[in-house]
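Work through the following exercises with the sequence and the structure side by side. Each task is followed by a solution that goes step by step.

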Amino acid sequence: MVFEAPERLVRALAEARVLAHGGSPPAGDAVDGAVDDEWLAALPGLFADAVARAGLSVERVRVPGGRSSLVALVRDADGTPAVLKLAPPGAGPERERAALEHWAGVGAVRTLAGPVPPGAMLLERLSPDVPVRSLPEAKSMLEAVGVLRRLWVAPPVGHGFETVAGLTGRQAAQMRAGADAQSADLVDAALAAREELLAGPPGDEVLLHGTFRQSKVLAGERTPWLAVGPDPLVGEGAFDLARLVRDRVEDLVAAPSGAGVARRRVRRLAEALELDAERVRGWALFRAVESGVRAHRAGRTADAELTLEFATWL
């Protein structure tokens, strides 16, 4: 087949270059610009090699796809539907594989056996066009919470996953460097919230999805909803809820009652998973400000404004 990398992936790697040239370390779902630019140039060959090694037939490449990986719908030699995923080194594909194998299909997509090269994964086929976000909001949040509950398990002994403290420490340095006059007060508040959260008792440390939101939960056959695309960490569950809190942020900002809805969402999600609502609020603030500052540095002004306005409500 004629291969062309999805435009969304190309743009995301270009954004990573912008962030890298700003002199800050990669953070969260940002990837290493220099290394991953080389990966993008080699992607057609990597894709062809993975397909040939595993004896796959390609149906189509997912468009728009993800911001940190190429996803293709394929079939194995027996005709079984599957997904081939290729990710650059900066996106942590081996960490993702380790987390998925530890969950072993409970709450998350299963990995499949196959002779794929490093950086590639063969996964069970879910319904890529049916995310939990397709449900009405109240129902989608309920189902998403159910998935998270299954994912939060003890990490494997001797794991190599990054901790919430380590990741947010790097992000804090980036936020200080990227703050401008308009965001300075929010950045100060977010950094203060992080310090307070890390100083207090975090509760049980579990394996976290890392980038959990409604678009990361897809319909499956063996169970109704399964998580995909983790960027795994080890830490308290409130950190995972923080990204879910601002789901559908564009709708929240457009609604007259958006601020009240956001605050109620914090309380309800915390109650549903028996967590401290103040810890959920604090991490939601930190993660929203971090995302907003990063979007601003990358030139995504509209995204930055939406996310930072949401942060003012917390």
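Which residue follows helix 9, and what is the sign of its phi? Helix 9 is followed by Glu274, whose phi is positive, near 55 degrees. The model is a predicted one, in which local features need pLDDT of at least 70 and side-chain atom pairs count only at pLDDT 80 or more, while totals for chains, interfaces and linings use all residues. Residues are numbered from 1 along each chain as its sequence is written, and side-chain values use heavy atoms, with hydrogens and water left out.

**Exercise 1. Check the length of helix 9 and describe its two sides.**

Step 1. Helices (H or I, at least four residues) and strands (E, at least two) are DSSP runs numbered from the N terminus. The expected span of a helix is 1.5 Å times one less than its number of residues, so the 15 residues of helix 9 (residues 258-272) should span 21 Å, and the 21 Å between its end C-alpha atoms agrees with this.

Step 2. Buried means under 20% relative accessible area, exposed over 50% and partly exposed in between, with a 1.4 Å probe and protein chains only. The buried residues of helix 9 are Gly258, Ala259, Ala262, Arg265, Val266, Leu269 and Ala270. Seen down the helix axis, these buried residues fall within an arc of 120 degrees (taken from the directions from the axis to the C-beta atoms), so they line one face of helix 9.

Step 3. Arg268 and Glu271, on the other side of helix 9, are exposed. The cover over the buried residues, judged by contact (heavy atoms within 4.5 Å), includes helix 4 (137-151), helix 7 (237-245), helix 8 (249-254), helix 10 (277-297) and helix 11 (301-312).

**Exercise 2. Compare the surroundings of two residues with positive phi.**

Step 1. Glu274, which is not a glycine, lies in the loop between helix 9 and helix 10, and with a relative accessible area of 74% Glu274 is exposed.

Step 2. Arg248 is likewise not a glycine, and has a positive phi of about 60 degrees. Arg248 sits in the loop between helix 7 and helix 8, and because its relative accessibility is 13%, Arg248 counts as buried.

**Exercise 3. Lay out the sheet that contains strand 7.**

Step 1. Two strands pair if DSSP finds at least two bridges between them. Three strands form an open sheet in the order 5-7-8, with antiparallel pairing. Strand 5 (127-131) and strand 8 (225-227) each have a single partner strand and stand at the edges, so one side of each is left without a neighbour in the sheet.

Step 2. Strand 7 (residues 217-219) pairs with strand 8 over three bridges, and Leu218 stands opposite Leu226 in strand 8.

Step 3. Helix 4 lies across strand 7 and strand 8, running at about 55 degrees to strand 8; here axes are lines fitted to C-alpha atoms, for helices over the stretch in contact, and angles run from 0 to 180 degrees between N-to-C directions.

**Exercise 4. Locate the nonpolar cores.**

Step 1. A nonpolar core is a set of buried Ala, Val, Leu, Ile, Met, Phe, Trp, Tyr and Cys residues joined through side-chain atoms within 4.5 Å. The largest has 71 residues, and those with the most contacts inside it are Leu151, Phe212, Val289 and Phe310. Helix 10 gives the largest share of this core, eight residues.

Step 2. Apart from this core lies another, of 21 residues, among them Phe3, Trp39, Leu43 and Ala50.
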